[in-house]
Amino acid sequence: MTFEQRAELRRNFTASLPLWRHPLIGYLLSILLVGLFGWGQQALDGWIGGGGIYFAGSLLLLPVLFIATFWGTMPSLFTVLLGALYIDYFFIGYNQGISWQHWEDGLRILPFFISGITIAIITAQRERARWQTLIAEQELKEYAAELEVSNQKLEDANQTKDRFLSIASHELKTPITTIRGQAQLALRRLAKQDGEMNVSDMHTALERINEQTVRLTTLIEELLDVSSLRTGKTALNKRKLNINELCQQVVDDQKLLTGRHIELKLPPKEVMVSVDRDRIEQVLINLVGNAVKYSPEGSVVQICVERKWRKALIHVRDHGKGIAPDQLEKVFDTFYRTPDAEASTKKGLGLGLSISKEIIERHEGRIWCESQLGQGSEFFVELPLK
C-alpha cells in the first residue's frame, strides 16, 4: 500500500470515529481526570498517613489507563506528564512549587512515570496492531476487488470467445459453402459440355464465387483489424487534413453506392484535424453505411460537422427503429448486434462499431450513440482539433 493510500485510510478511520473519541476530547478530559484522581490521592494519603506511602501517584495511573484505552498514545503520554507535574507539586513540593530538594524526591515520582510510560507503550503497540489489521483488511479488500475485476474480464473474454466461435463459424461457413457449391457446379457443367463451354453459366458461377470470396475476405480483414488495433500493432499514419473534405468524399461515394438521399451539413470554415485518413474514413464509411442499412429506404440520412471548442464533432443520424436504452452501451462491444439487427436479413459480424471505437480512442477522441425507439439513432464522433 502506498503512502497516499495509507494517509487516506488514516483520514477515513479518523473520520469514522465518534466525536467523543476525538484526541482533543482526550487531552481536555485528561486535565479533569488528573485533577480529580489527584485530589482523591491526597485524600487517601491524608486518611492513611501519606508519609508512609512511597508510590505517591498510584491513583493517577487510572486516568492514564482510561485515556490510553479510549484516546490512544499521545493523549495518554500527555496524562502521564500532567500526573508527574501534579505529584511533583502536591506530593513532593507540598504546594510550594516544582523543585526537587533531594534525589529521593525523584525516586518517589519514578514508579508512576515508569508505569505510565509502560501503559502508553502497550497502548502504542495495541494501536499499531490495530492499524496493521486495518491495512491488511484494506489490502485484502483491494485484492478481492482486483480478483473480481480479473474474473469478470476472464468471464467476458470467455463469452466473447464463445460468441466469436459461434458467429464466425456461421458467417464463414456461408461463403465457403457457396464457393464450394458453385465450383462443383461449374466443374459438372464443364464435364457435360463435351468441349463446348456455356459462357453465361460459367460467368454466373464465377460471379457468385467472386462475390462470396469478397465477403470472406472482408470478414477476415475485420477480424484482423480488431486484433491489430487492440494489441497496438497497427501504427497510425497521422497527417493534417480538413475533415469537411473527407466527410464530403465519403458521402458522395455512399450516394453512388446506395442511391440513398444523404444530407451533409458542413461549417463555413475548414475544420483541421491531425488523423490517419484511411482509419477515420473507415469509421465514417461504417457509420454512414450502418445508417443507410438500418433505416427505411425512403428516409434521409443526415451528417453534420461542427467545431466545438477545441474539438471537431461529427453527427451521423438515421430515422430507423432506434436502439433500446439498455443496448446503447453494448453496441460498441465486439460481436454485439442488437436483437433487431440479428432478426434482420442484413449480414454482419458486429465488428464495425467495435473497430470504430478502437480507432477513435487511439486518436484520443470518443464515440457514442444517442437513440430513442421509433425515432432513429444518432452517432457522435469527437476528435481533437489540430
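Asp 156 lies in helix 5, which spans residues 103-193. In this predicted model, Asp 156 is partly exposed because its relative accessible area is 34%, between the 20% and 50% limits. Asp 156 joins Glu 155, Glu 329 and Asp 333 in a negative surface patch.

Helix 10 covers residues 352-362. Eight of its eleven residues are buried, so helix 10 is largely enclosed by the rest of the structure. The buried set begins with Gly 352, Leu 353, Ser 354, Ile 355 and Ser 356. Glu 358, Ile 359 and Ile 360 are buried as well. Just after helix 10, Glu 364 takes a positive phi of about 65°.

Strand 7 runs over residues 376-384. Eight of its nine residues are buried, so strand 7 too is largely enclosed by the rest of the structure. Strand 7 pairs with strand 5 and with strand 6. The table sets out both pairings.

| Partner of strand 7 | Sense | Bridges | Opposite residues |
|---|---|---|---|
| Strand 5 (residues 311-317) | antiparallel | seven bridges | Leu 313 and Glu 382 |
| Strand 6 (residues 366-372) | antiparallel | seven bridges | Ile 367 and Val 381 |

Glu 382 of strand 7 therefore stands opposite Leu 313, in a pairing counted by DSSP bridges. Val 381 of strand 7 faces Ile 367 across the other pairing. In a regular strand the side chains alternate between the two faces of the sheet.

Strand 6 and strand 7 also form a hairpin, with three residues between the strands. There, Gly 374 takes a positive phi near 85°.

How values were computed. Residues numbered from 1 in each chain as written. Predicted model: local features only at pLDDT ≥ 70, side-chain atom pairs only at ≥ 80, totals over all residues. Heavy atoms only, no water. Patch = residues over 30% accessible without salt bridge, like charges linked within 9 Å, V, L, I, M, F, W, Y side chains within 5 Å. Areas by Shrake-Rupley, 256 points an atom, 1.4 Å probe, with all protein chains shown as cover. Salt bridge = Lys/Arg side-chain N within 4 Å of Asp/Glu carboxyl O. Lys, Arg positive; Asp, Glu negative; His and termini not counted. Charge placed at Lys NZ, Arg CZ, Asp CG, Glu CD. Helix = DSSP H or I, 4+ residues; strand = E, 2+ residues; numbered from the N terminus. Buried < 20%, exposed > 50% of the residue type's maximum accessible area, 1.4 Å probe, protein only. Pairing = 2+ DSSP bridges.
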